[in-house]
Structures are given as C-alpha cells and as structure tokens.
Amino acid sequence: MDEQNEKLLRQFFSEAAQQTIEDNGFTERVMSQLPMRVKRFTRIWSACCIVIAALLFTVFHGWELLLVQMEVFLRTTIAEPPQVNPLTVVFTLFCLLMIGVYELLSYERLIR
C-alpha cells in the first residue's frame, strides 16, 4: 500500500511541477516595486559588521594570537604527526569554500 501511495504522490507532483502559470509579468512588476532600502540596509549592515570585526581583530592583537596558535600547531605536528590525511583537509576546506561562494551568489540573486 505504501508503494502505491508513493507512486501516486510522485506522479501528482511530477505533473504539478511541469505546469507553468502565466502571470503576464506580474511577478517581475511586484519584485521591481519592492523597496530598495532593504538592499541598501543589508549592505550597510554587512559593511558595519566587517568594520567592527576588523577593529576587534586589531584591538585584541589578532595577528599575534594567530601566530602563537600556528606556532603551537606546527610544534605539536612536528612532535606528533597528524592522523589526518592533508588532502582530506584541503578537499573539505575547498568544498566549504565552494558552498560559501554558492550561498553568496544565490543570496545576491535573491536580493536583486
């Protein structure tokens, strides 16, 4: 019984996904009428957060903290080799970077 229900649901939603509703440009007109100050506000907010983060990084001597942590990491790594494959770490960081870029681009498309 569950398989039949699943099949019916898939058929229904596949047919519904193929339908397009003509709105004669209504959606585009509505989107163009939305206030632009929201877009400006998000950019101003992002800029303020970046400035605050840079100031805090400078006030708390972020470079020194990073250098100390790098030194501790390197000394520990030399004394005891890591159990993690470096390619795995690079691949993971690359994937996270790509996800971040995708999210940023989709967010920009959403705002426009």
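Helices and strands are here DSSP runs, with at least four residues for a helix and at least two for a strand, and they are numbered from the N terminus. The exercises below concern a predicted model.

**Exercise 1. Determine how many helices and strands the chain has, and in which pattern they follow one another.**

Step 1. Counting the runs that satisfy the definition gives 5 helices and 0 strands for the chain.

Step 2. Reading along the sequence, one then obtains the pattern α-α-α-α-α.

**Exercise 2. Compare the radius of gyration of the chain with that of a compact globule of 112 residues, and describe how the chain is spread out and covered.**

Step 1. For a compact globule of 112 residues the radius of gyration would be near 13 Å, whereas the chain has 25 Å.

Step 2. The C-alpha trace, taken along its principal axes, spans about 65 × 50 × 20 Å.

Step 3. Turning to cover, a residue is called buried if its relative accessible area is under 20%, and buried residues make up 3% of the 112 residues in the chain.

Step 4. The accessible surface of the chain comes to about 11,200 Å², and 69% of that surface belongs to carbon and sulfur atoms.

Step 5. As for charge, the chain carries 10 positive and 12 negative charges, and the mean positions of these two sets are 12 Å apart.

**Exercise 3. Test the end-to-end lengths of helix 1, helix 3 and helix 4 against the span expected at 1.5 Å a residue.**

Step 1. The expected span is 1.5 Å times one less than the number of residues in the helix.

Step 2. Helix 1, with 17 residues, reaches 24 Å from its first C-alpha to its last, close to the 24 Å that is expected.

Step 3. Helix 3 has 23 residues and should span 33 Å; its end C-alpha atoms are 32 Å apart, which agrees.

Step 4. Helix 4, covering residues 62-79, has 18 residues that should span 26 Å, and its end C-alpha atoms are indeed 26 Å apart.

Step 5. On the question of cover, the number of buried residues in helix 1 is 0, so helix 1 lies largely in the open, while helix 4 is hardly covered, with a buried count of 1 among its 18 residues.

**Exercise 4. Classify the aromatic pairs that the structure holds.**

Step 1. A pair of aromatic rings is described by the distance of the centres and the angle of the planes. Centres must lie within 6.5 Å, and planes over 60 degrees apart count as edge-to-face.

Step 2. The structure holds 2 aromatic pairs. Phe-12 and Phe-13 form one of them, with 5.2 Å centre to centre and 70° between the planes, so that this pair is edge-to-face.

Step 3. Phe-57 and Trp-63 also form an edge-to-face pair, with 5.4 Å centre to centre and 85° between the planes.

Step 4. Among the partners, Phe-13 is exposed at a relative accessible area of 52%, Phe-57 is partly exposed at 33%, and Trp-63 is exposed at 62%.

**Exercise 5. Locate Asn-24 and His-61, and state the phi value of each residue.**

Step 1. Most residues other than glycine have a negative phi.

Step 2. Asn-24 has a phi near 50°, a positive value in a residue other than glycine. Its place is in the loop between helix 1 (2-18) and helix 2 (26-33), and Asn-24 counts as exposed at 64% relative accessibility.

Step 3. His-61 likewise has a positive phi near 50°. The place of His-61 is in the loop between helix 3 (37-59) and helix 4, and its relative accessible area of 48% makes His-61 partly exposed.

**Exercise 6. Find the C-alpha separations of Cys-48 from Pro-86 and of Gln-18 from Met-36.**

Step 1. Cys-48 lies in helix 3 and counts as partly exposed, at 38% relative accessibility. Cys-48 and Pro-86 are 38 residues apart along the chain, and their C-alpha atoms are separated by 36 Å.

Step 2. Gln-18 belongs to helix 1 and counts as exposed, at 66% relative accessibility. Gln-18 and Met-36 are 18 residues apart along the chain, with 33 Å between their C-alpha atoms.

Technical notes
Residues numbered from 1 in each chain as written. Predicted model: local features only at pLDDT ≥ 70, side-chain atom pairs only at ≥ 80, totals over all residues. Heavy atoms only, no water. Rg over C-alpha atoms; globule rule 2.2 N^0.38 Å. Buried < 20%, exposed > 50% of the residue type's maximum accessible area, 1.4 Å probe, protein only. Areas by Shrake-Rupley, 256 points an atom, 1.4 Å probe, with all protein chains shown as cover. Lys, Arg positive; Asp, Glu negative; His and termini not counted. Charge placed at Lys NZ, Arg CZ, Asp CG, Glu CD. Phe/Tyr/Trp six-rings, centres within 6.5 Å; stacked < 30°, edge-to-face > 60°.
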